[in-house]
2 protein chains.
Amino acid sequence: MGEKAAVRSRLLPVLGEVFRSYGYEGTSVARMTAATGAGKGSLYNAFPGGKEEMAQAVLASIDRWFETAIFLPLRDEPSAPQAIRHMLAQVETYFQSGQRICLVGLFALGDERDRFAIRIRHYFAGWQSALTQALVRAGHSHTAASTLAEEAIASIQGALVQARAMQDTTLFPRALSRLAARLLPVSLSEQPVTTLSHKGE
Amino acid sequence: MGEKAAVRSRLLPVLGEVFRSYGYEGTSVARMTAATGAGKGSLYNAFPGGKEEMAQAVLASIDRWFETAIFLPLRDEPSAPQAIRHMLAQVETYFQSGQRICLVGLFALGDERDRFAIRIRHYFAGWQSALTQALVRAGHSHTAASTLAEEAIASIQGALVQARAMQDTTLFPRALSRLAARLLPVSLSEQPVTTLSHKGE
DNA sequence: GTCTATAAAGCGATAGAC
DNA sequence: GTCTATCGCTTTATAGAC
């Protein structure tokens with residue numbers, strides 16, 4: 001069982017990229033074997049539930065990554081502005097300046113929303129909640145913070161759609177730097193966002 | 001030929017909703033026949049290029065609708081604020097308060113982006129250009145208007161993703177009313193956009 | 001012009017050799 | 001545990017009756 005879990009976690013990142021590239025319906029087992037190098041037998045041994053279990057596991061691993069890398073710092077980091085800057089830097093890296101899409105957002109738009117509703121909702125709600133907390137600690141009222149968080153998440157998701165539609169690699173970083181200006185107090189947002197690579201949590 | 005075009009335009013709206021519901025890969029000919037009531041023969045008679053031609057035609061019809069209903073007023077309406085209010089009202093209706101997704105945005109995120117790149121880009125670029133023109137007429141500098149237009153389109157696309165992810169029907173109208181506050185001068189934005197319950201932030 | 005029957009290919013998933 | 005062969009089933013697309 002421990003061995004199976006090791007194989008799963010080795011396959012998960014690759015499977016994630018396949019789902020990202022082709023969507024849920026467009027991802028075939030043939031494409032998975034091509035991308036992972038593993039045979040059908042290995043894939044079904046690691047994920048007896050087949051394609052659906054693979055997608056569920058991929059979504060869960062994405063959720064875990066965001067939880068530890070972004071949400072947790074947003075909730076716990078003593079300096080709220082630093083946590084927010086950290087979020088923006090992590091988001092820029094994770095989405096590769098807009099050249100990598102958000103799989104959760106893709107599934108949210110499609111028919112897959114119903115199948116993966118709980119995980120999709122959990123991801124967006126977790127982000128909203130964590131960012132709201134950071135904004136409250138940064139001095140905003142709760143209602144203002146909640147609104148601002150909602151706007152920020154929509155801006156990120158929208159910029160990912162827009163950047164891919166326009167095939168403009170400058171668009172997503174531009175959206176993030178505007179976001180920095182809106183989320184951070186003026187005196188603090190003067191530090192450039194993109195260049196500060198992981199100031200830590 | 002004229003008859004064929006009539007059949008096409010009768011089928012297009014239904015095919016559009018099927019693509020919206022199931023995505024490009026998820027849309028099968030069987031689902032099309034079920035939704036339209038037409039047999040496979042009729043579908044392939046109207047669209048000899050099959051599924052791809054159908055999707056191209058759907059995207060073209062969406063683009064035409066936005067062009068006449070939204071982009072053209074944004075460019076030509078003498079009162080720029082009125083054109084912008086008109087845009088927001090049309091967007092709210094078209095996307096059914098966020099319960100209907102943007103097919104162009106869905107295709108932009110997926111693998112379909114490459115196949116339909118020109119049309120997808122044309123849709124987003126046309127919107128960006130028309131809204132920028134309206135904002136310039138409303139008194140913004142060209143660079144400010146361009147930035148604001150980019151932000152507005154991202155906010156709309158992002159709010160559609162977010163609304164579906166959270167399954168929250170109040171989210172999209174809320175995003176639109178915030179947008180009204182940002183795009184319109186204060187004195188003019190006091191007029192309600194639709195029946196908006198939120199006066200802004 | 002619209003239908004049904006059918007073809008050829010690909011799909012997810014399983015079985016069984018090793 | 002990993003592979004290949006294979007099973008049903010569905011897919012897109014075509015052919016031909018009407």
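**View 1. Chain B and chain A at DNA strand C.** A phosphate oxygen of DNA strand C is placed 2.7 Å from an N or O atom in the side chain of Ser42(B), in a predicted model whose polar contacts are pairs of N or O atoms within 3.5 Å (within protein, one must be able to donate a hydrogen and the other to accept it, and residues adjacent in sequence count only if both atoms are side-chain atoms). The elements giving two or more residues to the surface near this strand are helix 3 (40-46) and helix 4 (50-76) of chain A, together with helix 3 (40-46) of chain B; helices are DSSP runs of H or I with at least four residues, strands are runs of E with at least two, and both are numbered from the N terminus. Helix 3 of chain B gives the most to the surface near DNA strand C, with four residues. On chain A, a backbone N or O atom of Thr27(A) lies 2.9 Å from a phosphate oxygen of the strand, and a polar side-chain atom of Ser28(A) lies 3.5 Å from a phosphate oxygen of DNA strand C.

**View 2. The surroundings of DNA strand C.** The strand is surrounded by 13 residues, the closest being Val29(A), Lys40(A), Tyr44(A), Gly39(B) and Ser42(B), where a residue is near a strand if one of its heavy atoms lies within 4 Å of it. Of the atoms of DNA strand C within 4 Å of the protein, 60% belong to sugar or phosphate, and the rest belong to bases. By class, this surface has three nonpolar, seven polar and three charged residues, with Ala, Val, Leu, Ile, Met, Phe, Trp, Tyr, Cys and Pro counted as nonpolar, Asp, Glu, Lys and Arg as charged, and the others, Gly among them, as polar.

**View 3. The surroundings of DNA strand D.** Among the 13 residues around DNA strand D, those that come nearest are Gly39(A), Gly41(A), Ser42(A), Val29(B) and Lys40(B). Sugar and phosphate account for 63% of the atoms of this strand that come within 4 Å of the protein. Phosphate oxygens of DNA strand D lie 3.0 Å from a backbone N or O atom of Thr27(B), 2.8 Å from a backbone N or O atom of Val29(B), and 3.3 Å from a polar backbone atom of Lys51(B). Helix 3 of chain A supplies the largest share of the surface near DNA strand D, four residues.

**View 4. The interface of chain A and chain B.** Contact here means heavy atoms within 4.5 Å, and 38 residues of chain A are in contact with 38 residues of chain B. The buried area between the chains, which is the accessible area (1.4 Å probe) that two parts lose on being put together, summed over both, is about 3700 Å², of which carbon and sulfur atoms give 56%. Leu109(A), Glu150(A) and Arg164(A) supply 19% of the area that chain A buries against chain B, more than any other three residues.

**View 5. Thr132(A) in helix 8.** Thr132(A) is found in helix 8 (residues 117-137) of chain A and, at 6% relative accessibility, counts as buried, a term used for under 20% relative accessible area, with exposed over 50% and partly exposed in between (1.4 Å probe, protein chains only). Leaving aside residues up to four places away in sequence, Thr132(A) touches His142(A), Ala145(A), Ser146(A) and Ala149(A).

**Notes.** Residues are numbered from 1 along each chain as its sequence is written, while chains are lettered from A and ligands numbered from 1 in the order in which they are written. In this predicted model, local features need pLDDT of at least 70, side-chain atom pairs count only at pLDDT 80 or more, and totals for chains, interfaces and linings use all residues, while side-chain values use heavy atoms, with hydrogens and water left out.
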